[in-house]
Amino acid sequence: MAERGKIKFEIIEKYGVLSTSKSGWNLELNLVQWGENQPKFDIRAWDPTHTKMGKGVGLNHDEMKKLNKIMTGILAFEQEENLRNQEDEASDDAEPDRPRVTRLSD
């Protein structure tokens, strides 16, 4: 387990880099154990050596599931908007007599 000052932590699993700043620090999603506490999903900025860190947020499993549900809803709405925009652009080029294709309801 690594130590920073009096903070003990262990990165148990690295899931991915969300972005990289000009300074080279990465905003990452990891599973981190802080001290003797249960590991949490952790989103924060890390320096390239993982010895320095920025402020972040830790989520337990239930919170991560709720975040996933919220994000899925946001991205689904965004995807529908993109599809509508593509259909609008396609209909501008379509022949005037041709009926516009719409999505079938469930």
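This passage describes a salt bridge, a polar residue in a strand and a nonpolar surface patch in a predicted model.

Side chains of opposite charge can pair when their charged atoms come close. In the predicted model one salt bridge is counted, and it joins Asp42 to Arg44, with a distance of 2.8 Å between the closest N and O atoms. This pair qualifies as a salt bridge because a side-chain nitrogen of Arg has to lie within 4 Å of a carboxyl oxygen of Asp. Both partners are shielded by the protein: Asp42 is buried, with a relative accessible area of 0%, and Arg44 is likewise buried, with a relative accessible area of 11%.

Arg44 also appears among the contacts of Asn26, a residue that touches Val17, Ser19, Thr20, Arg44, Ala45 and Trp46 when residues up to four places away in sequence are left out. Asn26 belongs to strand β3, which spans residues 26-34, and its relative accessible area is 19%; Asn26 is therefore classed as buried, since that class covers values under 20%. With one of these neighbours, Thr20, the side chain of Asn26 makes a polar contact from side chain to side chain at 2.7 Å.

On the surface, Ile70, Met71, Ile74 and Leu75 form a nonpolar patch, and together these residues have about 370 Å² of accessible area. Met71, one of the patch members, lies in helix α1, which comprises residues 61-93. The relative accessibility of Met71 is 37%, so this residue counts as partly exposed.

Conventions:
Residues numbered from 1 in each chain as written. Predicted model: local features only at pLDDT ≥ 70, side-chain atom pairs only at ≥ 80, totals over all residues. Heavy atoms only, no water. Buried < 20%, exposed > 50% of the residue type's maximum accessible area, 1.4 Å probe, protein only. Patch = residues over 30% accessible without salt bridge, like charges linked within 9 Å, V, L, I, M, F, W, Y side chains within 5 Å. Areas by Shrake-Rupley, 256 points an atom, 1.4 Å probe, with all protein chains shown as cover. Helix = DSSP H or I, 4+ residues; strand = E, 2+ residues; numbered from the N terminus. Polar contact = N/O pair within 3.5 Å; in protein donor to acceptor, adjacent residues only side chain to side chain. Contact = heavy atoms within 4.5 Å.
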